[in-house]
Structure formats: structure tokens, C-alpha cells
Amino acid sequence: MKIKSTLLALGALLMVSFAQAQDGWNWPSDPAQEAKARELNAAYTDYMKSEQFVEATKPLNWLLVNVPNLNESLYINGVNVYKGAADKTADAAQKLVYQDSVMAIYTKRGELFNNTQRWIENKAYFGYQFFKSDKTRIPGVIADFEKAIELNGNINHQLVAAYFDLIYRNYAYNKAYTGEQILAIYDNANKLLDKSASEGKDVSGPRSTLETLLVNMELIDCNFIENTMGPKLAADPSNEEIANQIFKYSVQYKCYSSNSFLAALELIDSKKPTFATSQVRAMRYMASGDFEKAQPVLEKAFTLAENNKQKGEIQMELAKVHTQAGRKSAARTAAREAATLDPELTATAFSLIGDLYMSAFNDCRGGESRAKDYSIFIAAYGAYQKAGDSKGMANARARFPSKEELFTEGLQPGSSISTGCWVGETVSLATRD
């Protein structure tokens, strides 16, 4: 997780925000107090400009305690001073004092000037930098992030990863959330990134960090989807939000065989069908042997297909559905159409046609001519040949009529004969021997 480098760059931006001095100075009415306030204001400012931040804290602290309403610039500059002092201090206890002072300055600024919306994101950023490893302080920093989101509708896209990192830490350190709450926060964080992406921001880095953190939490597996999320959809079958979550995580974690995945898929495909949802839904029905339910869904998928390759896939699946239903002629038509739409399906399509012909013997046998009855296997051989299916070709050839059988009927190899029946092909007679 490379949150640190991006946040450092962001920090430079946040440190200078609102750095301009504000109008409206409230000097003390007492001349002596005014003189001291002017002296110390100049002193801390000079120290700050020369990056003597530790030295700047002393006059600044007097101003914050004795003339807190002097000017908002005390609080704007105060963040830079105490942050700079914390960075320059090696003593851990003193460093924490300075860091706490940064947070306190933001809080006091909000009380005096009622403009939290302007700087709450900055406070959250510094809170993350200072306290992300302190399990007792993490909830407060999370609250600042969520306040920033509430007030502004979004946060800087580079900070979304920091926010979710805190969620991850709060879960790890404090067991602060249920699995469902984590998923809801994760989805909301991605929605923030969606907003930033719509504004032209590159959110690929933060989005990748969110995904990594979620995986590291080890919250989600097929059992979680089925036993925790599934019952919620069962209790509210029209809840598209839950259905979308189940579908998303089922795909992500390859949990395709669960009942909750099918329930979510059925709702999504009914409300907002796409080629993919209809295709996968039909495949689930077929896997469970429910070909009757699969057919209309496949037919819908065909209308949603975006290219001939997708249409070919659907026609091939329809050929299988028709085969299972005993509609052999319809199965052949669909298989031929599949091969026409996508030549890469030729082998699969014509192997299926060969199988259809091989299974048609009992359907089509007339019993008057062995040559005619067995010509179906010659038609099957031709289909297998187009498929490049050598095993199918060998099986079909083994069922050809013999030379003796042709001779008995006064026929010769090479002469044409119609298979009749639904197969309806004219083939050249050949023998197995």
C-alpha cells in the first residue's frame, strides 16, 4: 500500500491552503496588551518565516491563550507552526504535544469562526498522519473524515485511500465494524472515487488501495456471501442494492454456484438486463438441468448481444437447449447459425450436428432399406469431418452399410441417396469395409 507518497504531495497542497491572512484584527483595548500582542505576533511570524517553528510556538501560544480572537491567521499559521515543530522534534512526548496542538487549533478555529467546512479535510489529513497507529485516536480521525464528506459531499480523491486505511485499522485494532458495515463503507468510498473520476481525476491508485485493504481484511468468502448477505436478499427480494453487492462480490470471489448469487442475478437481470447477466443466468439454469427456464433467457441475451461473436455463443447454447428437449432439427439450425456467426465455433457446432445425426437412427429408421437407414451415419460422418472430429468420424464410419448390403439392394458406393426424415440430406453412399 503506497499511501504515503501521494499523501506527502497532497500535504504540501493542504499546508498552503487558506494561508492568506484574513481581514479584521481585534487588538486589545489596553495599550500595554496591544503592544505586547503586536510584538509577539511579529515575533512568531518572523520565526515561522525562517522555519524556526519550535521558537515560534512560544509567542504564538501566548497569543492563542490571551487574545484568541485577534485574527483567524493565528489558526491558519498555527497549523504550520505546530506541524513544523512536531517535525523538528525528536522527543516523542513533545512531538505528541505539538501534534495535539494542531488538532486543538482546528477545534478552536471552528468554535470562533464557524467555518469548519473550509478546513475539516485538512484536519482529517493531519489526524491520519499523526494518529493512524494509535488505536485510541483512530475513531476521532475517522469522524473528521466523515464530517468532511458530510459537509462537502466528497474529499480529495488521494485521501479516500487514507480514510479507508483508517477503517481497516479500526477494524483490526478495535473490532469496530461488522462485515456488512465494512462493505457499506467500502462501497461508499468507491462512490466518492466515482465522483472524482467523473471530474477527470485519475483514481486508479486509490481504488487499487481500497481493493487491497478489503482483501486483507479477509471478510468475504463464498460462505459470507451465502450465509450473511444471502438471507438479507431473501428477506427483501426486491432490494437491488443488496443484489448488486452479492453479484459484485460473487463475481469477484468466484462464488457462482451459490443460491444467493442466482437470486441476485435473477433480480438484476430482470430489472436491468445486459448480455452478460442474461448469458450467465441462462448458464446457471442449464448447469442445474433447467433447460426450459434457460431458453427464454438465452433468447433475451441474443437480443442484447453486441456483436456476432456473442450472438454465436448464444446460438450454440440454444442448440444445446434444443438438443436436451429433443428438438433435433431446431438444434441443428441453431448450431449452423452459431458457426455462421462465429467461424471459431465451427468445430463445436458440427460435432453437435454429428451427434444429432448419430442419435437419429431410431427416429428415422424405415426398415425397408438398410442403405437408406444407415445413410444417416454417412451424414454424421460429413458433419464430423467439417468439425475435424476424427473420433466422431471413426464412430460414424463403423456404422456405414457394408458392400454386401449395398450389393443386395443393387446400389453402388458413390451413388447418391437421401437420408429422408428430419435429417433431409443427400449423401454419397460409402461402405464400412
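Helix α9 gives the largest share of the lining of the largest pocket, with 7 residues. The model is predicted, and this pocket is a good place to enter it. Its volume is about 200 Å³. Three helices each supply at least two lining residues: α9 (179–198), α11 (222–235) and α12 (240–252).

The lining can be read along the sequence. It begins with Glu-180, Gln-181, Leu-183, Ala-184, Asp-187, Asn-188 and Lys-191. Met-229 and Lys-232 also belong to the lining. Glu-241, Ile-242 and Gln-245 complete the list. By residue class, the lining divides into 4 nonpolar, 3 polar and 5 charged residues.

Now step back to the whole chain. Its secondary structure comes to 22 helices and 2 strands. The radius of gyration is 37 Å, while the globule rule gives 22 Å for 433 residues, so the chain is more spread out than a compact globule. The C-alpha trace gives the extents along the principal axes: about 135 × 45 × 35 Å.

Burial and contacts fill in the picture. Of the 433 residues in the chain, 46% are buried. Take the contacts between residues at least 6 apart in sequence: 60% of them join residues at least 24 apart. The accessible surface of the chain is about 21400 Å². Carbon and sulfur atoms account for 50% of that surface.

Two loop residues deserve a look at their backbone. Glu-218 lies in the loop between α10 (204–217) and α11. Its phi is positive, about 55°, although Glu-218 is not a glycine. Is Glu-218 buried or exposed? Its relative accessible area is 70%, and the cut-off for exposed is over 50%, so Glu-218 is exposed.

Lys-254 sits further along, in the loop between α12 and α13 (259–271). Here too the residue is not a glycine, and phi is positive at about 55°. Lys-254 has a relative accessibility of 62%, so it counts as exposed. The helices that flank these loops include two from the pocket: α11 follows the loop of Glu-218, and α12 precedes the loop of Lys-254. Both α11 and α12 supply lining residues.

Next, move to helix α16 (residues 308–324), which holds Gly-312. What is the relative accessibility of Gly-312? The value is 0%, so Gly-312 counts as buried. Which residues does Gly-312 touch, not counting those up to four places away in sequence? They are Ala-338, Leu-341 and Leu-345. A distance helps to place this glycine. Gly-312 and Tyr-186 are 126 residues apart in sequence, and their C-alpha atoms are 38 Å apart in space.

Leu-352 is the last stop, in helix α18 (residues 346–358). Its relative accessible area is 13%, and buried means under 20%, so Leu-352 is buried. Its contacts, leaving aside neighbours within four places in sequence, are Met-316, Ala-319, Lys-320, Thr-323, Ala-331 and Ala-335. How far is Leu-352 from Asn-154, C-alpha to C-alpha? The separation is 56 Å, for two residues 198 apart along the chain.

These stops can be set beside the overall form. Gly-312 and Leu-352 are buried residues in helices, α16 for Gly-312 and α18 for Leu-352. Glu-218 and Lys-254 are exposed residues in loops, with Glu-218 between α10 and α11 and Lys-254 between α12 and α13. Around them runs a chain of 433 residues that is more spread out than a compact globule.

Conventions
Residues are numbered from 1 along each chain as its sequence is written. This is a predicted model: local features need pLDDT of at least 70, side-chain atom pairs count only at pLDDT 80 or more; totals for chains, interfaces and linings use all residues. Side-chain values use heavy atoms; hydrogens and water are left out. On a 1 Å grid over the protein atoms alone, a cavity is a set of points where a 1.4 Å probe fits but cannot get out, and a pocket is an open set with protein on both sides within 12 Å along at least five of seven lines; lining residues have an atom within 4 Å of a point. Grid points are joined across faces, edges and corners, and a volume is the space filled by probe spheres set on the points. Helices (H or I, at least four residues) and strands (E, at least two) are DSSP runs, numbered from the N terminus. Ala, Val, Leu, Ile, Met, Phe, Trp, Tyr, Cys and Pro count as nonpolar, Asp, Glu, Lys and Arg as charged, and the others, Gly among them, as polar. The radius of gyration is taken over C-alpha atoms; the globule rule is 2.2 Å times the number of residues to the power 0.38. Buried means under 20% relative accessible area, exposed over 50%, partly exposed in between (1.4 Å probe, protein chains only). Contact means heavy atoms within 4.5 Å. Accessible areas come from the Shrake-Rupley method with a 1.4 Å probe; for residues, only the protein chains shown count as cover.
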